[in-house]
Amino acid sequence: PNKLRLDYVLDASGKEPRARWAALSLGGALPPAVESAVRFERRPVEPFPWPSWRPSFVAEATPIRVPPPALEILHTAAGGTLRARLSSPRGALDAGLVVPSQRLRAARVNGKPVRAVASKNVIAALRSGALSHVVCHTTGKQGVDVELELIGDTPVDVFVWDSTDGLPEEGAGLAAARGPEQVTFQQGDRTVVYTRRVLHPERGR
């Protein structure tokens, strides 16, 4: 079978959320049935505001009403240390932050040091301007404590995201159009919600 993964991507950054379907096909062009199910753009692009493994074919989608992931700032200290609570009001276990690598010295989740993972794809890493991913797989509604050691005292643009298995109900027809000759792969079909935040580290003393 050919490999074809479908994602529903919701940008909750602005006043009005925006959404789109993303189809990642390892066989090149999309199958005619999938291509005609929704109006995909002809050329693949990045489905997220950060580089992914490979570009996807995208199409506009209707935004669904779900709460975005939350990052509650709990404490900031001189020298760039920032403590926050990362949670997913919709109950997603997988969640994380995308932070400029040159601004991130270290990260801890629930007190344990974590390695901020840069893109494994060299081309994607070059396109990203060196973005690092701080990922947690046990987030949920309760959330996890995140501590970042940021470099510098100017504001830092980050993305906060969460991800759940499967597509929303609106994607049932699109998934069915894939047919038996196309199978999903890696993490499988996903619903990803993200939002943009600006962090304000304290000036060092």
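**Strand pairing and salt bridges: worked exercises**

β12 and strand β14 (residues 190-199) run antiparallel to one another and pair over 10 bridges, where pairing requires at least two DSSP bridges between two strands, and where strands are DSSP runs of E of at least two residues and helices runs of H or I of at least four, both numbered from the N terminus. The model is predicted, so local features need pLDDT of at least 70 and side-chain atom pairs count only at pLDDT 80 or more, whereas totals for chains, interfaces and linings use all residues. Residues are numbered from 1 along each chain as its sequence is written, and side-chain values use heavy atoms, with hydrogens and water left out.

**Exercise 1.** Describe the surroundings of strand β12 by its partners and its burial.

*Solution.* Begin with β14, in which R197 stands opposite V158. Next take strand β6 (residues 94-100), which pairs with β12 in the antiparallel sense over 5 bridges; here G96 has W161 of β12 as its bridge partner. Finally, consider burial, which means under 20% relative accessible area, with exposed over 50% and partly exposed in between (1.4 Å probe, protein chains only). Of the 10 residues of β12 (residues 156-165), 7 are buried, and the strand is mostly covered.

**Exercise 2.** Determine which parts of the chain the salt bridges of R108 tie together.

*Solution.* Apply the criterion of a side-chain nitrogen of Lys or Arg within 4 Å of a carboxyl oxygen of Asp or Glu; a search of the whole structure then finds 8 salt bridges. One of them links E147 to R108, with the closest N and O atoms 2.6 Å apart. Because E147 lies in strand β11 (residues 144-150) and R108 in strand β7 (residues 104-109), this pair ties together parts that are 39 residues apart in sequence. R108 also forms a salt bridge with E149, at 2.7 Å between the closest N and O atoms, and since E149 lies in β11, that pair ties together parts 41 residues apart in sequence.

**Exercise 3.** Place the salt bridge between R5 and D7 in its network, and decide whether its partners are buried or exposed.

*Solution.* The side chains of R5 and D7 meet at 3.6 Å, N to O. R5 is buried, with a relative accessible area of 9%, and D7 also counts as buried, at 4%. By contrast, E147 is partly exposed, with a relative accessible area of 22%. Salt bridges that share partners join R5, D7 and R190 into one network.
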